[in-house]
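Q: I have a chain open in the viewer. Please walk me through it, one feature at a time.

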Amino acid sequence: MRKLICVVLCCALVCAMVTGVWVKPVKVKSAVETMLLEKEPKLDKVKLNWYQTKGAKKYVIYKADVTKIVKKGKVKLSKKKYKKLKTLSKKKLIFTDKKVKMNHYYAYYIKAYKIKKGKKKLLKTSYDKYFDPVFIGVDEPRLQLSSYEGEYDEEKCILFDIVLVDGVITNKFDVYRKGPGDKKFKKINVEIKQATVGDGDTFCCFDKNVVAKQVYQYKVKAYVVKGGKKIYSKFSKVSYQEV
């Protein structure tokens with residue numbers, strides 16, 4: 001940065017010597033460092049946490065409801081769409097946002113400021129025009145080819161992965177199947193295991209009650225239990241599997 005400023009000053013000096021006119025050097029703004037804001041969604045709140053920024057005296061959190069934007073398939077959001085949520089002291093590194101709605105998407109970012117002579121100066125921010133939303137609720141599962149690495153009988157078992165992308169992570173699922181000759185989907189009992197690869201949000205589904213050389217259709221709902229009641233996701237898209 002010092003080299004860049006020296007170059008700008010030298011250019012201005014040379015211009016003044018040649019033309020006899022002094023050109024005021026342009027101020028070069030230093031780039032603001034980025035910081036990480038971790039987001040953990042629950043059914044009725046979002047837990048936010050971040051690492052301490054050296055020299056920071058306060059943190060300011062911003063929030064936007066991006067439900068409509070996400071449904072339109074958009075991935076960018078300007079700072080103007082966010083609203084200030086909370087200002088916290090330097091000692092606070094955790095905040096829980098309880099003002100959320102079920103089945104809504106939210107985007108957050110944070111700024112770290114230092115105070116010098118009564119004026120605040122931005123040190124770091126987590127803002128990115130490509131926002132990373134969090135979902136409040138149980139998201140629709142995705143069904144895909146299995147990542148399971150263990151042994152199983154391919155002629156007597158159908159195996160596929162259940163993946164949760166957003167929202168609350170759960171290992172509870174209702175699996176429905178439509179087999180040859182069936183007029184509608186029926187809820188079935190299956191074995192579900194944690195996947196051998198993934199980030200804790202991928203599960204392997206084993207259906208061992210099938211007939212070889214037949215095609216079956218599956219759809220799945222995820223759920224969590226709260227207050228003795230089951231809160232369900234939407235059904236996944238139908239997946240076709242062959243023994």
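A: Start with the terms. Helices and strands here are DSSP runs, numbered from the N terminus; a strand needs at least two residues. Keep in mind that the model is predicted.

Q: How many helices and strands does the chain have?

A: The count is 2 helices and 18 strands.

Q: What confidence does the chain carry on average, and where does pLDDT stay under 50?

A: The average pLDDT is 87, and 85% of the residues score at least 70. Residues 1-5 are where pLDDT stays under 50. For that stretch the model has 4 contacts beyond four places in sequence.

Q: What share of the chain is buried, and what makes up its accessible surface?

A: Of 243 residues, 36% count as buried. The accessible surface is about 16300 Å². Carbon and sulfur atoms contribute 52% of that surface.

Q: How do I read the contacts by sequence separation?

A: Take the contacts with a separation of 6 or more. Residues 24 or more positions apart make up 67% of them.

Q: Now a sheet. How do strands pair in general?

A: They pair through backbone hydrogen bonds, either parallel or antiparallel. Here, one open sheet has 4 strands in the order 10-11-15-14, with antiparallel pairing. Strand 10 (142-145) and strand 14 (191-194) are its edges, each pairing on one side only. Neighbouring strands of this sheet are turned by 35 degrees against each other on average, direction ignored.

Q: How many bridges join strand 14 to strand 15?

A: There are 4 bridges between strand 14 and strand 15 (residues 202-207), and the two run antiparallel. To see one residue pair, find lysine 193: its bridge partner in strand 15 is cysteine 204.

Q: Next, the backbone. What sign of phi should I expect?

A: Most residues other than glycine have a negative phi. Two lysines here are worth a look. Lysine 117 has a positive phi of about 55 degrees, although it is not a glycine. Lysine 213 also has a positive phi, about 65 degrees, and is not a glycine either.

Q: Where does lysine 117 sit, and is that residue buried or exposed?

A: Lysine 117 is in the loop between strand 7 (105-116) and strand 8 (119-125). The cut-off for exposed is over 50% relative accessible area. Lysine 117 has 81%, so it is exposed.

Q: And where is lysine 213, buried or exposed?

A: Lysine 213 lies in the loop between strand 15 and strand 16 (215-226). Its relative accessibility is 73%, so lysine 213 counts as exposed. Strand 15, which leads into this loop, is the partner of strand 14 in the sheet above.

Note on methods. Residues numbered from 1 in each chain as written. Predicted model: local features only at pLDDT ≥ 70, side-chain atom pairs only at ≥ 80, totals over all residues. Heavy atoms only, no water. Pairing = 2+ DSSP bridges. Axes fitted to C-alpha atoms, helices over the stretch in contact; angles between N-to-C directions. Buried < 20%, exposed > 50% of the residue type's maximum accessible area, 1.4 Å probe, protein only. Contact = heavy atoms within 4.5 Å. Areas by Shrake-Rupley, 256 points an atom, 1.4 Å probe, with all protein chains shown as cover. pLDDT = per-residue confidence, 0-100.
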